[in-house]
Amino acid sequence: MQTSFSIHQLADPHMAESEKILRKCVHCGFCTATCPTFTLLGDELDSPRGRIYLIKEMLENDRPADARTVRHVDRCLSCLSCMTTCPSGVHYMHLVDHARAHIEQTYKRPLADRLTRELLAFVLPNPGRFRMSLVAAFFARPFAGLLKTLGGPLKPLGAMLELAPARAPLRSAMEGPGSFPATTARRGRVAMLSGCAQPVLAPQINEAAIRLLTRAGIDVVLPEGEGCCGALVHHMGKEERALTDARRNVDAWWREIEGGGLDAIVITASGCGTTIKDYGFMLRGDPAYAEKAARVSELAKDISEFLPTLELGAPERPGGLVVAYHSACSMQHGQKITRQPKDLLKAAGFTVRDVPEGHLCCGSAGTYNILQPDLARRLRDRKVANIEKTAPDLVATGNIGCMTQIGGGTGLPIVHTAELLDWAYGGPVPLALRETALAARAVEAAE
């Protein structure tokens with residue numbers, strides 16, 4: 001793509017990076033075939049290629065964002081399916097991140113939209129506030145349908161209440177900060193991201209991961225001072241808040257690197273993993289953090305990426321269960337992890353089935369299912385229909401957002417990959433299976 005940025009514009013490193021990305025685009029349109037919003041809407045401006053045109057026009061002309069550009073960029077899920085498809089290596093993620101930051105700085109959204117976004121940015125990244133909000137949501141949940149019916153600025157609030165669990169789990173005894181020594185011969189030491197939303201919604205995921213790792217001889221530390229990875233605010237264009245989160249986490253993990261040393265930083269939410277693996281890029285212009293952030297990004301590993309390096313032994317249970325594996329967009333497109341989770345599940349004794357149209361997003365995408373509830377629901381229903389075509393006993397995935405989103409559209413149990421693997425190698429029955437007949441059936445099949 002031909003560009004005409006001025007020398008003055010290219011002096012800005014963000015602009016220079018975006019110009020380099022834009023020049024790689026050859027207008028081929030391969031990205032339109034795999035874009036979820038283009039698949040649903042058939043509008044060129046709701047495809048990666050169309051958004052690239054809008055972003056180029058906005059940045060190249062050095063003008064504030066307009067309502068049309070904001071509408072189509074807001075509809076982007078950041079699923080990154082386009083990056084998997086693109087033959088030219090266009091780094092769409094960095095381009096749309098820059099566009100969102102520019103929108104945040106130059107466009108004044110309607111008041112209700114601003115308030116909703118500020119509420120999300122204030123509550124979700126903070127576990128304490130999030131827990132308190134779930135108490136309020138319990139009492140407000142009966143009004144979710146009414147709020148969605150009234151529409152307009154109330155629709156996101158209705159979507160938010162629909163997503164809230166009927167009952168929030170108790171705080172885990174394994175929630176950080178803390179350390180968990182290996183229960184067998186020590187083979188290494190890792191830090192594990194506690195995260196923000198996941199330990200509130202599903203603390204059993206990190207509990208399962210810790211048991212898996214410590215049984216395999218790995219010391220696990222949940223460092224003091226670590227918190228939200230920054231993805232939630234980053235994808236809303238709140239760049240400085242995201243960088244503050246990144247710096248805080250780099251500081252927390254660097255103390256562990258310099259202290260007891262780390263073999264990896266293990267992450268159990270693939271949406272977080274994609275962002276942490278990008279810390280090196282995000283903080284490249286900060287002399288105090290660039291080198292440290294790059295090292296942190298190198299150490300970051302999804303748990304399904306780290307477990308194959310360990311000796312897990314022979315599975316103790318279960319057997320015979322059919323698992324539909326949903327590969328989160330942040331896993332398959334953001335981190336290019338496609339084979340490892342399925343191989344781990346197969347080695348543990350599960351029958352794994354791929355989901356048709358597996359490249360398409362489920363509609364979760366961080367806060368997308370709140371800010372764009374109609375499109376998110378259509379994507380969820382399409383995903384659920386494809387999952388159910390495989391006739392599985394349960395669904396496995398590696399991202400809490402996908403678990404929440406898909407769970408709202410099906411009666412099938414949704415279980416994190418780490419929970420299933422922990423069960424297979426000696427841990428307890430996953431929470432989602434405890435009140436079903438599947439656990440007993442699996443044990444009988446194994447015997």
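Here are some questions and answers about the side chains in this predicted model.

Me: Let's start inside. How many residues does the largest nonpolar core have?
Reply: In soluble globular proteins, nonpolar side chains tend to be buried together. Here, the residues with the most contacts inside the largest core include Leu213, Val220 and Phe350. That core's residue count is 55.

Me: Leu307 is in that group too. Which residues does Leu307 touch, leaving out those up to four places away in sequence?
Reply: Leu307 is one of the residues with the most contacts inside the largest core. Skipping residues up to four places away in sequence, Leu307 touches Leu212, Leu213, Leu312, Leu344 and Leu421.

Me: There's a second, separate core as well. How many residues are in it?
Reply: Look for Ala137, Val200, Cys229 and Met236, which are among its members. The second core's residue count is 44.

Me: On to rings. Which ring does the charged end of Arg284 sit over?
Reply: The structure holds 0 aromatic pairs, but you can still find charges over rings: Arg247 lies over the face of Tyr289, 5.9 Å from the ring centre. For Arg284, the charged end is 3.9 Å from the centre of the ring, and that ring belongs to Phe281.

Me: Now charges. Is Lys238, the salt-bridge partner of Glu118, buried or exposed?
Reply: Side chains of opposite charge can pair when their charged atoms come close. Glu118 and Lys238 do this at 2.8 Å, N to O. Glu118 is in helix α8 and Lys238 is in the loop between α14 and α15, so the pair ties together parts that are 120 residues apart in sequence. Buried means under 20% relative accessible area, so at 7%, Lys238 counts as buried.

Me: What about Arg186 and Asp219: how far apart in sequence are the parts this pair ties together?
Reply: Their closest N and O atoms are 2.5 Å apart, in a salt bridge. Arg186 counts as exposed at 51% relative accessibility, whereas Asp219 is buried at 17%. Arg186 lies in the loop between β1 and β2 and Asp219 in strand β3, so the distance along the sequence is 33 residues.

Me: Which residues do salt bridges with shared partners join into one network?
Reply: The structure holds 31 salt bridges, including one between Arg49 and Glu44 at 2.7 Å. Where salt bridges share partners, they can be followed from residue to residue, and one such network joins Asp74, Arg109, Asp113 and Arg117.

Conventions: Residues numbered from 1 in each chain as written. Predicted model: local features only at pLDDT ≥ 70, side-chain atom pairs only at ≥ 80, totals over all residues. Heavy atoms only, no water. Core = buried A, V, L, I, M, F, W, Y, C linked by side-chain atoms within 4.5 Å. Buried < 20%, exposed > 50% of the residue type's maximum accessible area, 1.4 Å probe, protein only. Contact = heavy atoms within 4.5 Å. Phe/Tyr/Trp six-rings, centres within 6.5 Å; stacked < 30°, edge-to-face > 60°. Lys NZ or Arg CZ within 6 Å of the ring centre and 35° of its normal. Salt bridge = Lys/Arg side-chain N within 4 Å of Asp/Glu carboxyl O. Helix = DSSP H or I, 4+ residues; strand = E, 2+ residues; numbered from the N terminus.
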